[in-house]
Every structure is written in C-alpha cells, then in structure tokens.
Amino acid sequence: MKGSIHTVVGGAVIALLAGFVGTASAQLNETMVVPFSDPSRPGKIEAHLLAGTITVRGENRRDVEVVIRGGESRRPGNERPAPPAGLRRLTQTPGLEITEERNELKIESGSMRNGGANLELRVPLRTNLELGGVNGGTITVENVEGEIEIVHVNGSIVLTNVAGSVVAGTQNGSLTATLSRVMADKAMAFTSFNGKVDVTLPANIRANFKMRSDNGDILTDFDVQLRQGGDKPSTTRRGPGTHIEVNRAIYGSVNGGGPEIELRSFNGTIYLRKGQ
C-alpha cells in the first residue's frame, strides 16, 4: 500500500541478543527512522506498552526516530525465581510491532513475560500523541505541541514544556505537567488515584477548574474565583438504607473562565501552579 510501512522489530532485537549471551538485556538497542505519509501536516503517534518506559521528545524534524532498548521492568515482588543449578536464563526482549498508515504511527508491544522495552521517540515538534502503559516505569513527554492523551496503570507521567491540550491519568503514580500554551477551546483533565497531581499552566490562561482530592490538599498560586459546584448530591440505596454523597469538589474560574480543566486525586495533594 502506498504511503505505508509495516515492520516487526522483535526478530531484529532477538538477533542482536545472540551477540550478548549471558549479558543484561539493557545493553540491547535498536534504532530506526520511520517517515510520516504526509510530513507537511501533524502526524499522530499511538504507543502502548505492557511493560517498560516511554519517552517522547519533540525536535525540529519531519520523521520519527524510534529507539528500542531492552530491559527488565519488573515490579518489586514480581521477580522470577532463580534457575535450577547448572542452568542459566537467556533473557529475551519483547517484540514490538510498528506500523505507519495515513499519517498515524502505531507501536504495540508483545507479552510482559520477557520484560519491558524502554521506548524512546524523537518526533516533530507538532505531533499528536496517544500513549499508554501498564507496568514498568514513567511515561515522559518533552517539547511537543498537539493533542496529548495518556493512560497509565502502574507508573508516573511527566510532561515538560508541552503545548496544546492534555488528557492524562494514572492509577498508581504521580502526574507532573508543565504547559507553555493551551488550546483555547479544549477541555483538559489531569488525574491520579494514588499520587500527587502537579500542574503548571500559563499565567494568562482562561479556564474553569474542577479540583478534588479525597486525602490530600489543594494548593495554588492562581487567583481562583471560587463558585458553587454544578453537580448535585448523589443518592444510592444500600440494602434497606440510603447513602447520600455531597460533592466535595472545588469549582473556580481564572481570568474570567473558559474550558473546564479537571484536577483529581484520591490519595495525593493537588498543585495548581502559575507559569509564565
């Protein structure tokens, strides 16, 4: 198909492994450059790993450089047992499948059994991102402008000098984001169940905020004009009784208000900071 590329990288990585028998898989690395079908307009990257880290850096370029580094990314308590006496384990890295079609580049990983892949992407400055992780490590994005969506389960999210719109959430980990510019008409959300949410936004942003932390403080240096929340108390029936929950979120506006931005944590402090 014209304008498309399809390659399976696992075989190439395993071939490299043969030269490192008995050494750590962290020594492996594979680099390739993948062009977008139409580099004149912003492309989109979807990257989802079952285990490992994802790092995305924006650069003045028109294609995508993909660097794959093998490495063990197991959580504490989930280590494999030692091999029987006289035997040694030959470490395998997971396969990655990379496809590009219609200006969308997709990267997917294989099984978590063989450890994690540490994925580094060097992308054009204007690129839309959809990233996801389950176990392993931090998802990092630097110097990228676009629509950014991130879902993580066991790991932190760090966004530095990004622009555009962000919807990002993690189950177990902290979320730190610094935005230099925002889209004027896009709602955004920053959430963590077990971890702090620390967000820095431009000082002149116009937005309405919804902020809630069940077991933490909400701290800001913005001049937030507080207002009454729009959500009504929720009522549920539990057996013969009735349970009523009063909404505990803080609602407020900055610089006259604008699109809604939600900051949410269950176990963690929320920081809303004023940038430049």
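This report covers the salt bridges of a predicted model.

Residues are numbered from 1 along each chain as its sequence is written. In this predicted model, local features need pLDDT of at least 70 and side-chain atom pairs count only at pLDDT 80 or more, while totals for chains, interfaces and linings use all residues; side-chain values use heavy atoms, with hydrogens and water left out.

Side chains of opposite charge can pair when their charged atoms come close. A salt bridge here is a side-chain nitrogen of Lys or Arg within 4 Å of a carboxyl oxygen of Asp or Glu. The count by this rule is 16. Among them are these pairs.

| Pair | N to O distance |
|---|---|
| D38 and R41 | 3.2 Å |
| R122 and E59 | 3.8 Å |
| R102 and E101 | 2.9 Å |

Take R122 and E59. Their salt bridge links distant parts of the chain. R122 sits in strand β7 (residues 116-124) and E59 in strand β3 (residues 43-59), 63 residues apart. Strands are DSSP runs (E, at least two residues), numbered from the N terminus. Both residues also belong to a salt-bridge network with R61, D63, E65, R69 and E120.

Next, accessibility. Buried means under 20% relative accessible area, exposed means over 50%, and partly exposed lies in between (1.4 Å probe, protein chains only). R122 is partly exposed at 22%, and E59 is partly exposed at 28%. D38 is partly exposed at 28%. Its partner R41 is partly exposed at 43%. R102 is exposed at 62%, whereas E101 is partly exposed at 33%.

How values were computed. Helices (H or I, at least four residues) and strands (E, at least two) are DSSP runs, numbered from the N terminus.
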